[in-house]
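Trainee: I'd like to learn how to read a structure like this one. Could you walk me through it?

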Amino acid sequence: MSMSSADTLKTKKRSRGAAGTGKTPGPAAGRASKARRAWDRGNEKLLDTLRSIGFLGPSVTGVAVFFIIPFLVVVWYSVIRSPIKPEFVGLENFKNVLSNATFRTAAKNTIQFSVVAVPLAVVLSLVLALMLECRIPCKSLLRTFFLSPMMVPVASVVLIWQVVFHYNGTLNEVIAAFGIEKIDWLKSSYSQVVLIILFLWKNLGYNMILFMAALNNIPKELLEVADVEGASPVHKLFNIKLRYLSPTVLFVTILSLINSFKVFREIFLLVGAYPFEDIYMLQHFMNNTFSSQDPQKMSAAAVLMAVVMVGLIALLFKVEDIFGKDVEG
């Protein structure tokens with residue numbers, strides 16, 4: 001046998017011996033394997049990112065085109081002289097709006113309405129949800145009564161209110177039978193009360209459903225332990241149920257707050273663009289300003305309204321975080 005053949009046989013034997021003993025590959029092979037795994041992980045992350053962009057892209061594009069970009073345009077309009085003469089004027093438009101008597105009246109009415117209507121919507125819907133949890137007669141009838149406005153168009157609801165609260169409407173006919181003088185409900189100091197009743201009847205049903213769903217998610221073991229230890233219903237409500245309902249209370253409050261700023265639709269259908277002074281809201285101011293072709297004043301009012309809304313929602317999130325942090329995870 002030649003020398004080269006012998007060397008070849010020795011090399012094969014050493015290779016078979018190394019494989020049989022289970023020795024690990026050399027440092028170069030280990031680095032190559034790690035690099036390959038890192039490359040595969042990078043490719044997988046890239047594919048996940050591309051999939052996410054593909055799914056979220058249409059929604060993000062729609063939100064950007066129809067909400068974010070128009071709002072940025074409104075902000076731009078609020079700090080310039082006019083679209084024709086885009087001269088930067090800083091806070092001048094905001095000062096003009098804040099000094100406007102009509103704007104102050106609209107802001108006062110909107111704040112007054114929200115301060116009364118939003119807490120009532122939250123508290124009454126929670127009370128209704130707690131009541132419908134109990135065994136009471138006519139439960140289905142009550143549920144149907146409060147859910148029916150969700151299925152009725154706004155125009156039909158407004159028509160009912162016009163029939164009831166018109167000067168020659170049903171309510172005035174009833175009180176006239178008792179010798180009480182008729183009241184023009186929508187053109188008197190009672191106009192905001194009529195509007196609050198309409199707001200509550202329109203929104204209580206949906207809020208009630210949200211609270212009923214949240215009540216069903218409260219751990220039954222805690223309530224059973226409280227019953228065994230002799231806890232009163234008031235103690236269970238404030239120390240167990242409301243603690244677990246805090247995220248839902250936050251959501252319902254924000255939803256009711258937003259709806260209270262959108263009540264212009266019902267007022268416009270009831271009494272038109274120029275209602276009685278007590279129900280002249282911020283939306284009326286912006287709508288009429290748009291009609292008079294004053295985009296700077298309208299844009300400044302819209303930005304102020306957005307800033308106030310964001311501030312209130314941030315405050316509500318902070319309060320909920322303090323109140324409900326002991327039951328969240």
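Mentor: Sure, let's begin with a definition: helices (H or I, at least four residues) and strands (E, at least two) are DSSP runs, numbered from the N terminus. Here the pattern along the sequence is α-α-α-α-α-α-α-α-α-α-α-α-α, that is, 13 helices and zero strands. Keep in mind that this is a predicted model, where local features need pLDDT of at least 70, side-chain atom pairs count only at pLDDT 80 or more, and totals for chains, interfaces and linings use all residues. Residues are numbered from 1 along each chain as its sequence is written, and side-chain values use heavy atoms, leaving out hydrogens and water.

Trainee: What share of the residues of the chain count as buried?

Mentor: Buried means under 20% relative accessible area (1.4 Å probe, protein chains only). Of the 329 residues in this chain, 32% qualify.

Trainee: At what angle do helix α4 and helix α10 pack?

Mentor: Axes are lines fitted to C-alpha atoms, for helices over the stretch in contact, and angles run from 0 to 180 degrees between N-to-C directions. Helix α4 (residues 101-133) and helix α10 (residues 233-261) pack at about 140°, their axes 9 Å apart. Angles under 35 degrees are roughly parallel, over 145 roughly antiparallel, 65 to 115 roughly perpendicular, and the rest oblique. So α4 and α10 are oblique to each other.

Trainee: Which residues in α4 and α10 meet?

Mentor: Contact means heavy atoms within 4.5 Å. Among them are F113, V118 and L126 in α4, and L242, V249 and F261 in α10.

Notes: Buried < 20%, exposed > 50% of the residue type's maximum accessible area, 1.4 Å probe, protein only.
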